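This report follows the strands and helices of one protein chain, and it is best read with the structure open beside the text.

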Amino acid sequence: MKKVAIKVDQVVKNYGNRTILDAMTLDVFEGETLVILGGSGSGKSTLLRLMMGTVKPNGGDVVAFGKSLCGMDEAALEDYRKSVGVLFQSAALFNSMSIKDNVALPLREHTDLPEENIDIQVTIKLEMVGLREHGEKMPSELSGGMKKRAGLARAMAMDPKILFYDEPSAGLDPVTSAEIDELIMAMNKKLGVTSVVVTHEMDSAFRIADRMVLLDRGKFIVSGTPEEMKASEDPLVRQFIYGLTTGPLTDRKRTGGYERQLMGEV
Ligand SMILES: Nc1ncnc2c1ncn2[C@@H]1O[C@H](COP(=O)(O)OP(=O)(O)O)[C@@H](O)[C@H]1O
Ligand SMILES: [Mg+2]
């Protein structure tokens with residue numbers, strides 16, 4: 001039996017009178033790379049934030065490593081948030097700090113480790129992402145891809161069991177984006193880190209995924225291996241993964257039903 005790392009259990013998330021996630025259920029298994037697909041505004045980032053414990057559901061629960069996030073007090077939630085790694089779109093490095101200091105920051109903030117231990121940890125993490133020689137540099141001296149790698153080193157600083165990536169290759173050229181994919185896979189395969197990756201780049205999704213889910217109108221409509229997704233006959237899945245210009249997604253937009261639904265009118 002595969003062990004469940006995170007269980008999203010009948011989660012409802014509303015913003016105002018709009019239901020973004022509608023009784024959503026999802027298991028993330030330990031050690032897998034799960035890719036979450038979905039149109040822009042479909043709730044992918046919201047779902048990640050729910051799993052990271054930074055957004056609270058209006059209904060249902062998120063159970064992470066056997067513990068209910070809804071049942072946790074603020075201190076326990078804070079500990080949980082420290083135990084997960086996060087790499088968002090903008091690597092969100094502090095521009096006034098060297099790369100080394102950026103990676104050291106979570107360790108300095110959240111642990112009592114002496115500086116020499118922190119230094120070793122930082123060197124290991126920078127080596128892992130191929131930036132060991134660049135630790136003294138400032139973020140402004142790095143390319144977009146190197147900044148993402150530095151962000152990944154920082155996300156790994158506390159040795160998380162699970163890493164959340166929100167569109168990690170957004171804004172990168174295809175070669176750099178493929179390099180980031182390699183790193184995501186390396187973290188997963190070499191270190192056994194469970195990875196949840198939101199992306200809308202299909203090449204990347206098919207490269208890294210053990211399993212994929214497609215989010216639409218507040219629910220998952222399919223889940224499967226990359227091969228199963230490619231073989232799917234569902235018109236929506238086909239339109240999404242092959243980027244077709246005609247299909248249910250575009251029909252919905254054309255008739256305005258999509259907007260009306262987003263506004264909570266249908
Ligand atoms: N804090 C918020 N307050 C109000 N609406 C929000 C908030 N965060 C996200 N939304 C809305 O929820 C929907 C889903 O957002 P998001 O999860 O960011 O989608 P995705 O990442 O799939 O593009 C969007 O329509 C967005 O405008
Ligand atoms: Mg998003």
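## The six-stranded sheet

In this predicted model, six strands form an open sheet with mixed pairing, and their order is β6-β7-β8-β3-β9-β10. Because β6 (84-87) and β10 (219-224) stand at the edges and each has a single partner strand, one side of each is left without a neighbour in the sheet. From one strand to the next, the twist averages 20°.

Within this sheet, strand β3 (residues 33-38) and strand β8 (residues 194-198) run parallel and are joined by four bridges. Threonine 33 has serine 195 of β8 standing opposite. Helix α9 (residues 235-242) lies across β3, β9 (211-216) and β10, and the helix runs at about 110° to β9.

## The hairpin of β1 and β2

Strands of a sheet can pair either parallel or antiparallel, in both cases through backbone hydrogen bonds. Strand β1 (residues 4-15) and strand β2 (residues 18-29) run antiparallel, with eight bridges joining them, and methionine 24 in β2 is the bridge partner of valine 11. The hairpin that these strands make has two residues between the strands, and glycine 16 takes a positive phi near 60° there.

## Helix α3 and what covers it

Which residues of helix α3 (residues 99-110) are buried? They are Ile99, Asn102, Val103, Ala104, Leu105, Pro106 and Leu107. The elements that cover these buried residues of α3 include two other helices, α4 (115-128) and α5 (144-155).

How values were computed: Residues are numbered from 1 along each chain as its sequence is written. Chains are lettered from A and ligands numbered from 1 in the order in which they are written. This is a predicted model: local features need pLDDT of at least 70, side-chain atom pairs count only at pLDDT 80 or more; totals for chains, interfaces and linings use all residues. Side-chain values use heavy atoms; hydrogens and water are left out. Two strands pair if DSSP finds at least two bridges between them. Axes are lines fitted to C-alpha atoms, for helices over the stretch in contact, and angles run from 0 to 180 degrees between N-to-C directions. Contact means heavy atoms within 4.5 Å. Buried means under 20% relative accessible area, exposed over 50%, partly exposed in between (1.4 Å probe, protein chains only).
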